[in-house]
Amino acid sequence: MEYILSWLIWLPVVGMVAIAFIPREKEDLIKQAAAVTTGVQFFLTLVLWNNFDSQDGSMQFKEWAEWIPSFNISYHLGVDGLSLPMVILTGMLFFIGVFVSWNIKKAVKGYFALFLLLNTGVMGVFLSLDFFLFYIFWEVMLLPMYFLIGMWGGPQREYAAIKFFLYTLFGSVLMLVGILGLYFSCGKTFDILELTRVAPEALGGLMWWGMSAIKVIWVLLFIGFAIKVPVFPFHTWLPLAHVEAPTAISVLLAGILLKLGVYGIIRVNYGLMPDGVYWFSYALALLGLINVIWGGLCALAQTDLKKLVAYSSVNHMGYSLIGMAAIVAAGEANGANIKAAQAGMGGAVFQMFNHGTISAMLFILVGVIYERAHHREIEGFGGLASQMPVYTGITAVAFFAGLGLPGLSGFISEAMCFIGAFPVYKTIVIASTIGILLNAAYFLWAFQRIFFGELNEKYNDLPEINRLELFTVVPLLIITLFFGIYPAPYLDIISSTMDTIIEHVVDMATYASM
Amino acid sequence: MMEHIFIHYSLFILFLPLVAFVIQIFFGKRLPREGDWVSIGAISITLVLAINMFVQMLLDYDSDFSVEASFVWLDMGAFNIRLGFLVDNITIIMLLVVALISTCTHIFSTQYLKGDIRYSRYFGYLGLFTFSMNGIVLANNLMSMYMFWELVGVSSYLLIGHWFEKDSAANASKKAFLTNRVGDIGFFIGIMLIYSAVGSFAFTDVFDGVASGVIAGTTLTLAGVGLFMGAMGKSSQFPLHIWLPDAMEGPTPVSALMHAATMVAAGVYLSVRIFPILTPDALLVVAYVGGFTAIFAASIAITQTDIKKVLAYSTVSQLGYMILAVGTGVYTAAFFHLLTHAMFKANLFYGSGSVIHSMHHALHEKHDHETDPQDMRNMGGFKDKMPITYWSMLLSTMAIAGVPLFSGFLSKDAILAGTLSFAMHHPEHFLLPLFGFGAALMTAFYMFRMMFLTFHGEPKMPELIDDIHESPKEMTGPIVLLGALSLFIWYTLPYFNPMSTHGWFTDLVVPKDAVVPGNLSANEIEEGAHHAHYLAMYISIAVATLGILLSWATYIKKAVSADQWSARSGFLYNWSLNKYYFDENYDRYIYQPTLRLADKVAWIDWELYDKYFINGFGRLTNWASKITGKFDYDVIDQLLVDGTGRISNLIGRKFKSIQTGKLQNYVLYVAAGVIILMVIQSF
Amino acid sequence: MAEILFWFIASLTVLSAAMVVLNNQLLYSAIALLFTLFGVAGLYIYLWADFIAGVQLLVYIGGINVLIIFGIMLTNRISSVRLSQTNIQQGFGGVIALWLLIIISLVISKTPWYQVTSAEPSSTVREVGTLLMTKYLLPFEAISILLLGALIGAALLSREAS
Amino acid sequence: MDQLNNYLFIAAILFSLGVFGVMTRRNGIAVLMGVELILNAANLNFIAFSRFGGMNLDGHIFGLIVIVLAAAEAAVALAIVINIYNNLNTINVDEASMMKE
């Protein structure tokens, strides 16, 4: 148990090295190796969950080792209720991702090696508590993603990959500047826990070029994270990257990588700059609203099913942003409404997880139909419900989960986000409820066009979803259903940590005007 | 209170249909008879349990009976949600209604959908619906009510779209869901308004909170109107009424169960539940929406020729009545009407289903697939061919028209009395009773029009009449049962006065005081209604008679020509026939603009913002790099660097001979270099 | 006696080393190298390094030197071609080497070396073994992997081009 | 014989001879022999410093490592020489001067 976090991070690298030694012709062996690696990692995440103390809102399983002492950089890992669900999600989706990629034909060896490298990067970001380490893992993620999209993607893959790369790089450069700003103004440390302690005071009142340092750093870091979320107007890489990426990569992109943005904002921006939270929360809610409406409208207009699902991600992450903004409800100025803050933060974090499972499911399902029909034009289908009843049923559940049907997990988190933000941002929340209508509209309309009506003659021998595909999608379905009916296990994990974060933000903020 | 036996019953009633749903979805196709017996068995058990509860309630005869049980569903510390059951007399009655109609529908469907390709799925969805509906009925808090509310919407979506090969069915199902969602948004905003003030979802806490004044005034009005918007969506009130007529694309038993008796009544049920927190302003909104819907839908029903459309608009109109009753304060009357309406309207739908069924078979015999089996213009003279259907439908028609001795008379009378008394207290709202009585007149007219066109007169398609048969007993059974339940006697026991609603219902469902400070108390409302009772009764008997007579004169005696009248009324007739062009206008002013907006937004996002703005950065960088590249090459590279290079080249050529490529020369130079360095160092 | 033997060994080492680099007959050079290695092993014994001396004998003389001789045999047709070789740039090289020697000698003689007198251990094998298994375990492992790699690499390099 | 400088001088001579060999010999194997001389010189220094530096056995370890390295190096170098011989039919290093331009 002692080094379990390190194991989680480095296990994929071991798998990658192992794959490097397998001759490229033995494709099955490579796939099996990847499956075993990710499977073991997934199992370890479950072990971690089992040993996790959900009553403790602070960091657990901490590991610390000196790394570059001259710059005060250390190898510092830890997990809390915010990162644990994401770690489990990562383990699960990468495991499933291997099976989604089972039919990859081109350069199998390279694909799975990069796949596992990506895994290490993602795990590392979620677990590292040193900013420098965090940044390194953040960049480690970027490279395999670039190649995975650029080499195994669709027709426009190079364009999509380079766009993704530049967009994200732009964000991470700003982030790096922010990190350095923090480093030099907060006692030359990269340790996130240490920064969380000292930054609120060290930054208070600090002025740079006539601007408050908090604002500057907040904005720098926020843009870095916002590109990943993606927050309007930094979202346009997403549809393209999603559409061009191979199915498994879309799954991971939507399922995990988008969560890094929200995770980063909560972990870093909220932890280090409580005053910034108060300053920015209105904008956060507003951006959430724009995400919801804009994403919803764009999704409504799409003719490509995968692009629709991609825009639905923009829409869904908007709810998360709105929920996050609710943390200010706990402040004195807003009546110390702890209830609302808990609901909003819990909803935002729950929404991350739910969107992870639901969008993963949606992308897998899009992949299934694409593999059979070789196109994704919504108008090009029709009447598939009578041809593929099982597939239709599963897609129906996934779509209903996407449009926030009670009984499926998406509803609870969306409702919590709204309930949390409502006392503080009534207008924004009321306006964004239009989003749930748009949600329903674009999902149902697409569903009708694909599955209802007379069966398109072209597709009267389309095979039903097969066992491998069922194996990838059914677990997600079960999770969605389970948390939709009984969300308590998830909320148990996060609630202590959410309390810690809320308390921290409320207590550490100076409420000085900036 | 958790131990109360009713809670256990409720658990079974709630979850048995769900179990049936799960079994049907996963194993239905493989079971004998496609597993309809599983669903019927499950639903029958719930019916038995519901009857048991109902009998218990009658035996106890306690108007204050209420048990509650809840559990923590979601807990984050301060923020937590408890879900649970609230069982009181209203719940028990409603459970019985749902279980009864649902059982009838299940049995009816075994014949109506015989041989359907998705037979087992259909029964599964019925189970899902019954589960969700029971969930709404049993909810003790707004949150679980909202959740089941949406689930009901989904089961309705699935059932309306049962024959999804037809585009009209697929469209109707989507329309139903989306229109309901509009209402649900209001519902959810209402919930949030209340929760942010009260901090709890449970009805009891909400009532306490409102009573203590933590939420009042405009906010409370808005919250009430928000919650009522949910009811508007589900109960298909103007202007969200558009989905219900289209929902008739679903199988007729479904229309009977959901779109007549139970699901659409959920809105009324919600209004009844939240009645205590509605402020006078909110109530006024409710009353006007209900009243207008009642007369508006009735005026459409008059001209419809599709038998199910007539019934659909009639349902909208009757729901408007109930909402009107809630708005005018006599909410128990609304619930009473819900109860009676559930019985007779379900029966009317069964009857129409029976007619359509045999029309369908007759047309099938003739290999005629063009003629619409639901169009009343193709019917007529079925009375002798389908006597059971005819007679029991007649009972229900009497009930809905408000003929004394029938159940509808009692409940309608109670509503009209409440409305009248409200208008007496507030003369400025004289429109409300006018809406009520106008609608009553039209109801009597169009319902008998439907009966006459279908069952009386000469057959319009004589070639069919030989093939028209009475439906099998699985279908006639429910029809007879519910026809019988249209009689007044069942609702007034243990009393036998056909002119008074007094009976077990009024004894057990007693109006409670509103908790909003300053509202009229239940007693005051009761008093007023009581005073208006006889006046209302006379008027309503008069308008019902008038309506029936008019109808008789037009369609039996032909003393009045319907065609002439319709020609003479000009645009009014066209408006009514075309449902006041609501669908067209919504399409033109809401759907299309939204889609265009979406296209526009997507275009801006993709073609403009991304291609020009974001990629503009790329192009800018590209351009800048070209400029710098040119500068780099022409100036720095060619002039400076290459200049240096040329000089170096010159020097290099001189030293070229040193570069022998022989390793050992290099070693030698290295060693020499070391020595030179050492010598220099030593100085 | 020991003193005389020491000087004998020292001169043997130096002289045979000179033979190695100066002799034109390749095979003689190899034999001379053998003597040099022997001499160095002898010096190790004077330095109380019995184990290293043994390793020197085993590895250098038993292994490397034999390997070199094999190399010579393999790359020269022993019967037909003369087994000699020629030197290049001897003059320049000699000057450089001499200068190196002079400078190093100066350094050696000018530097006040830090010295500690200590008792002669009975055997160093145990200590060396212990050190290898404890303090120097990682280098030990690394060097063994290196050796393995070198072996494989050598085998790969010298096989017939396919 | 109990003088550190004696050993150092011997090592210095060996080293110089080795360098001389590496610089001047044309035959690859002979160059290799020069390298071996240099290595031995270094090793002698290690052991000598160990002996006069308090009998610290770290030097011995380094000596061992150097010997092993020498073995590895000899193996690879000879393999290369044989390879060159196979390809160019000579092992004179100055003839294998493809590095030149």
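**View 1. Here is the largest nonpolar core, with 438 residues.** A nonpolar core is a set of buried Ala, Val, Leu, Ile, Met, Phe, Trp, Tyr and Cys residues joined through C-beta atoms within 7 Å. "Buried" means that 20 or more other C-beta atoms, placed from the backbone, lie within 10 Å of a residue's own. The residues with the most contacts inside this core are A:A326, A:I327, A:A421, B:A334 and B:A346. Helix α13 (residues 338-373) of chain A chips in the most, 19 residues. Helices here are DSSP runs (H or I, at least four residues), and strands are E runs of at least two, both numbered from the N terminus.

This is a predicted model, where local features need pLDDT of at least 70 and side-chain atom pairs count only at pLDDT 80 or more, while totals for chains, interfaces and linings use all residues. Residues are numbered from 1 along each chain as its sequence is written, with chains lettered from A and ligands numbered from 1 in the order in which they are written.

**View 2. Zoom in on A:I327 and its contacts.** Skipping residues up to four places away in sequence, A:I327 touches A:V277, A:A341, A:G344, A:M345, A:I502 and A:V505. Being in contact means that the C-beta atoms of two residues, placed from the backbone, lie within 7 Å. Apart from the largest core lies another one, of 75 residues, including C:V55, C:I64, D:L8 and D:A79.

**View 3. This is where chain D meets chain C.** Here 60 residues of chain D are in contact with 74 residues of chain C. On the chain D side, α1 (4-24), α2 (28-52) and α3 (58-88) each give two or more residues. The top giver is α3(D), with 20 residues. Sort the chain D side by type and you get 43 nonpolar, 12 polar and five charged residues. For this count, Ala, Val, Leu, Ile, Met, Phe, Trp, Tyr, Cys and Pro are nonpolar, Asp, Glu, Lys and Arg are charged, and the others, Gly among them, are polar.

**View 4. Look at the hairpin formed by β1(B) and β2(B).** Strand β1 (residues 66-75) and strand β2 (residues 80-88) of chain B pair in the antiparallel sense over nine bridges; pairing takes at least two DSSP bridges between the strands. One bridge joins B:S70 to B:G84 in β2(B). Four residues sit between the strands, and B:G77 in the turn has a positive phi of about 100°.

Technical notes
Buried ≥ 20, exposed ≤ 12 C-beta atoms within 10 Å, placed from the backbone.
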